[in-house]
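Me: Before I plan anything at the bench, could you walk me through how the labels on this fold are justified? I would like to see each value set beside its cut-off.

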Amino acid sequence: MASVVTFANKKGGSGKTSSVVNSGGVLGERGYKVLLVDLDPQAHLSFWSGVNTYNNYLSVYDALLGSCSGRDCLHKAEHGLYDVLPAATNFSMGLLRQLLDGDKPEGKLAKVLMEFKNEYDYILIDTPPTVAVLTLNALVAATHVMIPILLNFLAIEGLAQLTQSIYRINAGFNPDVRMTGIIANQYDIRSNHSKRVLKEIYENFGDDMVAPRIRNDIKIAEAPEYREPINVFAPRSRGNMDFNLLADFIEEKTAITGGEV
Ligand SMILES: Nc1ncnc2c1ncn2[C@@H]1O[C@H](COP(=O)(O)OP(=O)(O)O)[C@@H](O)[C@H]1O
Ligand SMILES: [Mg+2]
């Protein structure tokens, strides 16, 4: 049974897409069967995974609306480390309205993923900074939630909001989903401000909730151009080292709390 890990944070640029692609690459390299789900209409994860996002193709939005099955829109990345349910840049107000008008709009993704749960070990979901109902779908479908953040004080405020959302989802839709780890991204060891924010996170959330940090590495920013995750694009990079530690954390957390039914 797959562990479904949603990467969420309303703040754009916090490292959601990079974390999903690069942890997915490392977990795939370790022999797990990995599916990435792109819910962000910017479709950066899809582009990074080799989907020609300027073309017309079936996307995860078609599957959410029931006009195709998940399998119909499944894309296989060329390097073979993961498969992708791609987003599309043509997500529109019309599609959003259609989604919201349907029965149980928050549960559509969970339904789409049912057919994949026995086929994959990890399903990693990338979420958009906007379109709340898409992120809600990702949280309702999840067993675990990882939160990438940049270490500044507003990030702590964002964390508090997300914690509240997860409690509401526990009460209303999915009692099992848990906040699993906070990822300090683009961590700068020389910054006193970062250190103070990190200390506050440790104090508020406990050591267990703090995932290995990801340092700033230009290779992480360059990898999308080559349509490869960091472990393929730059195996000897600092970024690959950091994402291997993050993959260890994900393995450990998903083995303990399961996600298994
Ligand atoms: N650790 C890192 N080192 C260097 N650049 C990074 C790192 N993490 C993210 N970036 C860059 O920062 C930008 C935002 O990251 P991204 O993963 O797209 O965030 P989000 O999906 O939350 O908007 C991207 O251009 C990405 O390449
Ligand atoms: Mg993104």
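Reply: Happy to! Let's start with a cut-off: a residue is called buried when its relative accessible area is under 20%, and exposed when that area is over 50%. Please keep in mind that this is a predicted model.

Me: Why is Ile230 called buried?

Reply: Ile230 has 0% relative accessibility, and buried means under 20%, so Ile230 counts as buried. Ile230 sits in helix α10, residues 230-233. Leaving aside neighbours within four places in sequence, Ile230 is in contact with Asn22, Lys219, Ile220, Pro235, Ser237, Gly239, Asn240 and Phe243.

Me: How far is Ile230 from Glu78 in space, C-alpha to C-alpha?

Reply: The two C-alpha atoms are 14 Å apart, while 152 residues separate Ile230 and Glu78 in sequence.

Me: What makes Asp83 buried?

Reply: The relative accessible area of Asp83 is 9%, and the limit is under 20%, so Asp83 is buried. Asp83 belongs to strand β4, residues 83-85. Not counting residues up to four places away in sequence, Asp83 touches Val34, Leu35, Leu36, Leu74, His75, Lys76 and Tyr120.

Me: Then is Lys104 buried or exposed, and how do you know?

Reply: Lys104 has 57% relative accessibility, and exposed means over 50%, so Lys104 counts as exposed. Lys104 is found in the loop between α4 (93-101) and α5 (108-114).

Me: What is notable about the phi of Lys104?

Reply: Its sign. Phi of Lys104 is near 40°, a positive value in a residue other than glycine. Most residues other than glycine have a negative phi. Val131 also has a positive phi, near 55°, and is likewise not a glycine. Val131 lies in the loop between β5 and α6 (132-141).

Me: Let's turn to the sheet. In what order do its strands run?

Reply: The open sheet has eight strands in the order β3-β4-β2-β5-β1-β6-β7-β8, with mixed pairing.

Me: Why are β3 and β8 called edge strands?

Reply: Each of them, β3 (75-76) and β8 (214-215), pairs on one side only, and that makes them the edge strands.

Me: How do you know that β2 and β5 pair?

Reply: Two strands pair if there are at least two bridges between them. Five bridges join β2 (residues 34-38) to β5 (residues 122-126), so the condition is met, and these two strands run parallel. Among the partners, Val34 is bridged to Tyr122 of β5, and Leu36 stands opposite Leu124.

Me: How many bridges join β1 to β5?

Reply: Five bridges join β1 (residues 3-7) to β5, and the pair runs parallel. Val4 has Ile123 of β5 as its bridge partner, and Ser3 stands opposite Tyr122. Strand β1 is also joined to β6 (residues 144-150), by three bridges and again in parallel. With at least two bridges required, β1 and β6 therefore count as paired. In that pairing, Thr6 has Val145 as its partner.

Me: Why is β5 described as largely enclosed by the rest of the structure?

Reply: Five of the five residues of β5 are buried, so β5 is largely enclosed. Both of its faces are covered: Tyr122, Leu124 and Asp126 lie on one side, Ile123 and Ile125 on the other, and all are buried.

Me: And what makes β1 largely enclosed?

Reply: The reasoning rests on its residues: five of the five in β1 are buried, so the rest of the structure largely encloses β1. Ser3, Val5 and Phe7 point one way, Val4 and Thr6 the other way, and all are buried.

Me: Stepping back, which helices and strands does the protein have, in numbers?

Reply: The protein has eleven helices and eight strands.

Me: Why is the protein called as compact as a globular protein of its length?

Reply: Its radius of gyration is 17 Å, and the globule rule gives 18 Å for 261 residues; the two values are close, so the protein is as compact as a globular protein of that length. The C-alpha trace spans about 50 × 40 × 35 Å along its principal axes. Buried residues make up 52% of the 261 residues. Of the contacts with a separation of 6 or more, 78% come from residues 24 or more positions apart.

Definitions and conventions
Residues are numbered from 1 along each chain as its sequence is written. Chains are lettered from A and ligands numbered from 1 in the order in which they are written. This is a predicted model: local features need pLDDT of at least 70, side-chain atom pairs count only at pLDDT 80 or more; totals for chains, interfaces and linings use all residues. Side-chain values use heavy atoms; hydrogens and water are left out. Helices (H or I, at least four residues) and strands (E, at least two) are DSSP runs, numbered from the N terminus. The radius of gyration is taken over C-alpha atoms; the globule rule is 2.2 Å times the number of residues to the power 0.38. Buried means under 20% relative accessible area, exposed over 50%, partly exposed in between (1.4 Å probe, protein chains only). Contact means heavy atoms within 4.5 Å.
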